[in-house]
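Ready for a few warm-up exercises? Have a look at the sequence and the model, then work through each task before you read its solution.

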Amino acid sequence: MRRRTTTRTNWIVGSAAAAVLVAGGITAAVAATDGSGSDSGGAPASSSADAGFARDMAVHHQQAVEMSYIVRDRTDDVEIRRLAYDIAQTQANQRGMLLGWLDLWELPKVPEGAPMEWMGMGDAPAGEDGALMPGMATNSELARLRGLSGKKAEVLYLQLMTRHHRGGVHMAQGCVERCGVEVERRLARGMVESQESEISLMATLLKARGAKA
């Protein structure tokens with residue numbers, strides 16, 4: 001079982017590395033246009049789904065990066081460390097792309113309204129204890145993760161990241177449906193596919209540790 005799980009982890013890591021290379025090409029493709037990449041021409045409006053997704057997903061990704069580096073310092077398990085490193089590197093790269101697009105479009109990086117407003121969720125109850133958007137961990141959960149080590153840290157990380165990915169998938173699907181910039185929709189589709197695959201992998205890793213999401 002461990003060999004099969006390791007093989008699957010390696011496949012996902014390899015796929016994510018390829019996705020990073022594709023992501024670089026997507027950034028270049030946007031930069032090579034008239035400065036927008038928008039299907040309708042011209043830069044997206046600050047209130048658009050394109051800008052809202054870029055801002056919110058950048059914040060969402062930053063927490064995934066933070067959680068991944070926390071667990072890498074709390075366990076010696078090769079599979080967990082490899083998965084955490086892959087998630088951190090992939091999402092840090094994508095975050096840079098999203099913020100780069102906002103710079104390219106000359107739009108502010110700070111949301112002008114409530115999180116997820118571009119998805120019609122601006123009137124949703126405000127997140128508590130630092131959890132600004134669906135799926136995000138609270139400050140208390142992050143503090144608990146920092147205080148654990150070994151198997152307990154692995155299990156909590158996998159549980160928190162599974163929930164985090166589900167929130168990310170929901171947001172990325174919102175961009176696929178609403179964003180007007182084709183390359184941004186393409187990136188969002190890739191996020192959905194890769195994070196759904198990682199959710200499945202994390203379920204397997206949790207089961208191997210006698211836990212579940």
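**Exercise 1.** Work out which elements make up the protein chain, going from the N terminus on.

*Solution.* Start at the N terminus and read along: the order is α-α-α-α-α-α. Now tally by type, and you get six helices and zero strands. Keep in mind that this is a predicted model.

**Exercise 2.** Find out what share of the protein chain's residues count as buried, and what its exposed area is made of.

*Solution.* First, the chain has 213 residues, and 47% of them count as buried. Next, turn to the outside: about 10100 Å² is exposed, with carbon and sulfur atoms supplying 53% of that area.

**Exercise 3.** Locate Ser46 and decide: is it buried or exposed?

*Solution.* Step one is the address: Ser46 lies in the loop between helix H1 (2-31) and helix H2 (49-72). Step two is the relative accessible area, which is 17% for Ser46. Buried means under 20%, so Ser46 is buried.

**Exercise 4.** List what Ser46 touches beyond its neighbours within four places in sequence, then pick out polar contacts of its side chain.

*Solution.* Begin with the contacts: Ala51, Arg55, Leu107, Pro108 and Glu112. Then check side chain against side chain. Ser46 and Arg55 are joined by a polar contact of 2.7 Å, and Ser46 also makes one with Glu112, at 2.8 Å.

**Exercise 5.** How far apart are the C-alpha atoms of Ser46 and Glu106?

*Solution.* Along the chain, the two residues are 60 residues apart. In space, their C-alpha atoms are separated by 9.1 Å. For the whole chain, take contacts between residues at least 6 apart in sequence: 78% of these join residues at least 24 apart.

Key
Residues are numbered from 1 along each chain as its sequence is written. This is a predicted model: local features need pLDDT of at least 70, side-chain atom pairs count only at pLDDT 80 or more; totals for chains, interfaces and linings use all residues. Side-chain values use heavy atoms; hydrogens and water are left out. Helices (H or I, at least four residues) and strands (E, at least two) are DSSP runs, numbered from the N terminus. Buried means under 20% relative accessible area, exposed over 50%, partly exposed in between (1.4 Å probe, protein chains only). Contact means heavy atoms within 4.5 Å. A polar contact is a pair of N or O atoms within 3.5 Å; within protein, one must be able to donate a hydrogen and the other to accept it, and residues adjacent in sequence count only if both atoms are side-chain atoms. Accessible areas come from the Shrake-Rupley method with a 1.4 Å probe; for residues, only the protein chains shown count as cover.
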